[in-house]
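Hi there,

Here is the structure I promised to pass on. Have a look at it first, and then read on for what turned up in it.

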Amino acid sequence: KPALVLGRCDSPELAEALAHATCKTPEEASLILATLKTDADLESAYAMASAHPRLSLWCVYPKGPGAAVGDSRVREFLRERGYRDNKSSAVSAVLTATRYTRAKGSA
């Protein structure tokens with residue numbers, strides 16, 4: 001399943017997982033994968049997901065309480081905008097990923 005990747009994949013584990021599984025346009029994608037380091041990254045990921053509601057949004061961000069954009073921030077931001085988290089996965093020792101989809105009934 002090809003992913004439309006937003007942001008830089010600095011993690012060797014993430015780069016390996018995405019090898020030969022990316023695409024250039026949303027029309028080719030089966031999902032959006034956004035690496036989040038700042039609030040601006042989160043806002044950009046939301047904008048892309050909103051423009052392409054058929055695609056789930058995987059958010060990849062640092063683990064732990066010291067992260068500038070961490071689990072609580074991502075969940076709060078996206079839930080306020082009608083998205084729900086429905087799967088999570090460890091990416092590496094320092095990164096985690098959570099999948100968000102638009103909640104039923106959200107426009």
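Leu4 has Cys23 as its bridge partner in strand 2. Please keep in mind from here on that this is a predicted model. The pairing involved is that of strand 1 (residues 3-6) with strand 2 (residues 22-23): the two run parallel and are joined by two bridges. To get from strand 1 to strand 2 the chain passes through helix 1 (residues 12-18), and this β-α-β crossover is right-handed. Ala3 also takes part, standing opposite Thr22 in strand 2.

Cys23 itself is worth a click in your viewer. This residue of strand 2 has 12% relative accessibility; the cut-off for buried is under 20%, so Cys23 counts as buried. Leaving aside residues up to four places away in sequence, Cys23 touches Pro2, Ala3, Leu4, Glu28 and Ala29. Ala3 is 20 residues from Cys23 along the chain, yet their C-alpha atoms are separated by 5.9 Å.

Now back to strand 1, because what does Leu4 stand opposite in strand 3? The residue there is Ile32. Strand 1 and strand 3 (residues 31-35) run parallel too, with four bridges joining them.

On to the whole sheet. Six strands make up an open sheet with mixed pairing, and their order is 2-1-3-4-6-5. Strand 2 and strand 5 (83-90) are at the edges with a single partner strand each, so each has one side without a neighbour in the sheet.

At the strand 5 end, the partner is strand 6 (residues 95-102), paired in the antiparallel sense over seven bridges. One of the pairs across these two strands is Tyr83 with Arg102 in strand 6. The connection from strand 5 to strand 6 is a hairpin through four residues.

Just ahead of that comes Gly82, in the loop between helix 3 and strand 5. Is Gly82 buried or exposed? Its relative accessibility is 12%, so Gly82 counts as buried. Between the C-alpha atoms of Gly82 and Tyr100 there are 9.8 Å, with the two residues 18 apart along the chain.

Tyr100 turns up again in the contacts of Ser56, a residue of strand 4 (residues 56-62). Ser56 touches Leu31, Ile32, Arg99, Tyr100 and Thr101, again not counting residues up to four places away in sequence. With 14% relative accessibility, Ser56 counts as buried. Ile32, one of the residues that Ser56 touches, is also the one that Leu4 stands opposite in strand 3.

Last, the helices. Which residues bring helix 2 and helix 3 together? From helix 2 (residues 39-51) there are Asp39, Leu42, Glu43 and Tyr46, and they meet Arg73, Val74, Phe77 and Leu78 in helix 3 (residues 71-79). By class, this contact of helix 2 with helix 3 has five nonpolar and three charged residues, and no polar ones. The two helices pack at an angle of about 35°, and their axes are 11 Å apart. Helix 2 passes helix 3 in a right-handed crossing.

If you would like a place to begin, try Cys23 and its contacts, Leu4 among them, and then step across the sheet in the order 2-1-3-4-6-5.

Happy browsing, and do write back with any questions.

Best wishes

Notes
Residues numbered from 1 in each chain as written. Predicted model: local features only at pLDDT ≥ 70, side-chain atom pairs only at ≥ 80, totals over all residues. Heavy atoms only, no water. Pairing = 2+ DSSP bridges. Right-handed = clockwise from strand over helix to strand, strands pointing away. Axes fitted to C-alpha atoms, helices over the stretch in contact; angles between N-to-C directions. Left-handed = near helix turned anticlockwise from the far one by under 90°. Contact = heavy atoms within 4.5 Å. Nonpolar A, V, L, I, M, F, W, Y, C, P; charged D, E, K, R; others polar. Buried < 20%, exposed > 50% of the residue type's maximum accessible area, 1.4 Å probe, protein only.
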